Protein chains: 2
Amino acid sequence: MIDVDIVLQQAAAAFEHYKTIPAHVRALFLEAIADELEGQREALVPVANQESNLPLARLNGELTRTTNQLKLFARLIKEGSWVEAVIDTANPASTPPRPDIRKMLLPVGPVVVFGASNFPFAFSTAGGDTASALAAGATVVIKGHPAHAQTSQKVFEAMQKAIKKTNMPEHTVQHVAAPGNDIGKQLVIHPLTTGVGFTGSFAGGKALFDYANQRETPIPVFAEMSSINPVVFLPDTLEKNAAALAQTFGGSVTLGMGQFCTNPGLLLGIRSAALENFAQLLGEAIAQCAPQKMLHGGIQQAYVKGRQQILAQQGVALVSESVTAPAELEAHPALARVAAKDFLANPVLKEEVFGPSSLLVVCDNKEELKAVLKSVKGQLTTTAVGTEADMAAYADVIALQTTLAGRVILNAPPTGVEVCAAMVHGGPFPATTDARFTSVGTSAIKRWVRPVCFQGFLDSMLPAALQNANPLGIWRMVDNEYTR
Amino acid sequence: MIDVDIVLQQAAAAFEHYKTIPAHVRALFLEAIADELEGQREALVPVANQESNLPLARLNGELTRTTNQLKLFARLIKEGSWVEAVIDTANPASTPPRPDIRKMLLPVGPVVVFGASNFPFAFSTAGGDTASALAAGATVVIKGHPAHAQTSQKVFEAMQKAIKKTNMPEHTVQHVAAPGNDIGKQLVIHPLTTGVGFTGSFAGGKALFDYANQRETPIPVFAEMSSINPVVFLPDTLEKNAAALAQTFGGSVTLGMGQFCTNPGLLLGIRSAALENFAQLLGEAIAQCAPQKMLHGGIQQAYVKGRQQILAQQGVALVSESVTAPAELEAHPALARVAAKDFLANPVLKEEVFGPSSLLVVCDNKEELKAVLKSVKGQLTTTAVGTEADMAAYADVIALQTTLAGRVILNAPPTGVEVCAAMVHGGPFPATTDARFTSVGTSAIKRWVRPVCFQGFLDSMLPAALQNANPLGIWRMVDNEYTR
């Protein structure tokens, strides 16, 4: 029996200490976690493989991504400019006299991070949510995902070693493992919780969002939930590059058995012989993709049901499916098609089916293509595939796409999310619960802080980031000019 | 009968055009609004005076603040760096090859702004919410405040002239005037609304927040609601500066009949002869303050009731009240006191009483002072008043204060909110519904945008802010370095 109250009391007590630890020391802690995970690689990857059915190569890559993320956030806070220091110096001559006013971002308190089923390392226990929160100065309570409970526990143990090694407060990170949804709700509604990170289903994320907003003191929830990532194939490139595109996007649809939030679940094109040719080639590419085991039985059953439901809708036809029949727990990759008119009339077709299938929507003309794009909900990504001639002729379509998603991609599949400063892995609801933030890339740290303004402070009393001498050497906006 | 659907359809159609207008042209529009308001000063101020009972001098100052805000946002968008352009250039040598990724802030759509009763100009029709939204590229539907309906209508007419003069889309700004709360709810729940700005009561702001979160697609609400702005008077300064402090803070408590969200409604000190002396001097200062009319009957009645309720609580004593009895609609300035033990036990004493009264909480020692601070809810501001010796001895108290509020002030009253880049006029719930943003200062523009990421775009297809040549000459973070 987990006592959520004790867990959050401990997290809050640890926060009082942890937030005062200088950033360069917190950075050592993040690096120590990365080192511990790297040292445990041989033990961790097989366990994750057994629990998640994900291939060893993929898991090795994901673990590297995870340690790189930790090191990236360590570099970010060592450099220090992320705190958005803004200084407006006093002006005694103005009427009324202007006081000295300075602001910076400060962490708000303990946060709760939910592990994701589809990324046992990179979006789970020591994943991006945790790394960004620890970098910001928040303490973290991790709700381990039951589908990879042992992996989560082992990663947590590695983090505990890093805590000891770098003398962090014992409860800087805590790990809660329990089946069912009730413990998650309890963690979110606890008065000491100040923020929530989640990657998973719409039902799960929306429930946490609602709990958080119904609290006496509402808190932010950053839930990344549901996206079908529309890809528009423009006419000229279909004439010229159909075979290569079929290979690339067939690979993207089936990559990791489609178990990515950026999986291209919706493909759009304008009716033409070239589109028919592309559909056939793409179908062939997908037919050649062998079924593989999905993450767990629940996800596989949901995929089977979702695929069946799509195929049962008015006007939907199967283009192709993997020539190999699926064994137990395996997903059967598939491509379906539908006319835009039927798509527009049917909300079922706009929902995510988590797995290696995609739906090609055949539009009569550009206006219908735009109508289809306008009909879908908020997305993490949307892609346009075209030649330069296409881009010029369809600039209005691409402009429309920028209103749909957090990331707009030209001529590349949406799977593959670069961890960098300019990344937005987020998007309008229901892709996420807060389109103003990203869960991948350095800006993810901004989810766990708020600006605090200091007026009329003595220089020695200010946080180092705001002191006159700029002892941290960070970029700051001083009297409206950036300076270091 | 107002057709909210038509209003939002018009706002959305205008947005499609308005968002494409270059920032330097939008800036001309903001300046034109300022010019029109300045040109109408002689007509506007008397009407606002009649409707709000606020003195002419105050209203003239407020109108100047309003036009200055519009010009400030015009300068901000002409300069252009506020869009937070981040560029990570491609690296074909990395594994996998890193694509070109760029992001910037873009406006999300029409927003609804609610006028505030206590600032007919600066926080209403053409106030900070509207100015920041128009600057961001959003179109605005204004819900005029019924307490100053004519002022709101006249300000809107001035804005319409500016729209014509600068050739903006007709429905860039619309004005909805209707009594009752239903129209506000309809505006917030309309599917085309993408954000809400509000300054007013907790009941009003919280209702809008709940409507917004219960939508099929939740939207952000920036409601600035309720704050008692605790001021801590430290021992050494009370010994040395009691008379001057009594004048300064007596003036702050009664300024504008206390009708400011930053009004110091809670004063804290540690029991001593110096505190008793200060309490007496502060009481005398408040007693000398003449009653004045409040904004409207509803606010005056709420003040009378709130004051009575505070005085009726266990352990609360009246220190002084204005020697002049209040006439109709007038507020009766007052100072009350209570021991910390009684304050800690009584939630009623932690609620805002909107008007010229304050409650002095007498603490036995520093620990009790900290307990009192920990017991209050989220605040817009908190102030510490002390000598350098005080600051050294009470650093832990000031550190605690930084966790309570959006702005921490040393040795100055909280009333007076500078409009500048470093200002945070916001704070933890219930001061506002979103502590991550400010409603005053240039950062207020960040409330109406979201980041959009462009991956693999041709340079010519990118927004100007993200093009290689930096044609706008703005500050950008390119490969992790700020550059212009």
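This passage describes the interface between chain A and chain B of a predicted model, followed by selected local features.

Local features were taken at pLDDT of at least 70 and side-chain atom pairs at pLDDT 80 or more, whereas totals for chains, interfaces and linings use all residues of the predicted model. Residues are numbered from 1 along each chain as its sequence is written, chains are lettered from A in the order in which they are written, and side-chain values use heavy atoms, with hydrogens and water left out.

Chain A and chain B each place 58 residues in the contact, defined by heavy atoms within 4.5 Å. The buried area, that is, the accessible area (1.4 Å probe) that two parts lose on being put together, summed over both, is about 5200 Å², with 61% given by carbon and sulfur atoms. On the side of chain B, the most area is lost by Arg436(B), Arg450(B) and Tyr482(B), which together account for 14% of what that side buries.

Four salt bridges were counted between the chains, with a side-chain nitrogen of Lys or Arg within 4 Å of a carboxyl oxygen of Asp or Glu as the criterion. A salt bridge links the side chains of Glu481(B) and Arg484(A), at 3.3 Å from N to O. Polar contacts (N or O atoms within 3.5 Å, within protein one able to donate a hydrogen and the other to accept it, and residues adjacent in sequence counted only if both atoms are side-chain atoms) join 28 residue pairs across the interface, both residues being at pLDDT 80 or more.

Several elements of chain B, among them helix H8 (202-214), strand E15 (449-455) and strand E17 (481-483), each supply at least two residues to the side that touches chain A; helices (H or I, at least four residues) and strands (E, at least two) are DSSP runs, numbered from the N terminus. The largest contribution to this side, seven residues, comes from E15(B). Strand E14 (residues 405-410) of chain A runs parallel to E15(B), and three bridges join the two; strands pair if DSSP finds at least two bridges between them. Within this pairing, Ile409(A) has Gln455(B) as its bridge partner.

Cis peptide bonds occur between Phe429(A) and Pro430(A), with omega about 5°, and between Phe429(B) and Pro430(B), also with omega about 5°. Pro430(A) is in the loop between E14 and strand E15 (449-455) of chain A, and Pro430(B) is in the loop between E14 and E15 of chain B. Asp479(A), a residue other than glycine, has a positive phi near 45° and is in the loop between strand E16 (476-478) and strand E17 (481-483) of chain A.
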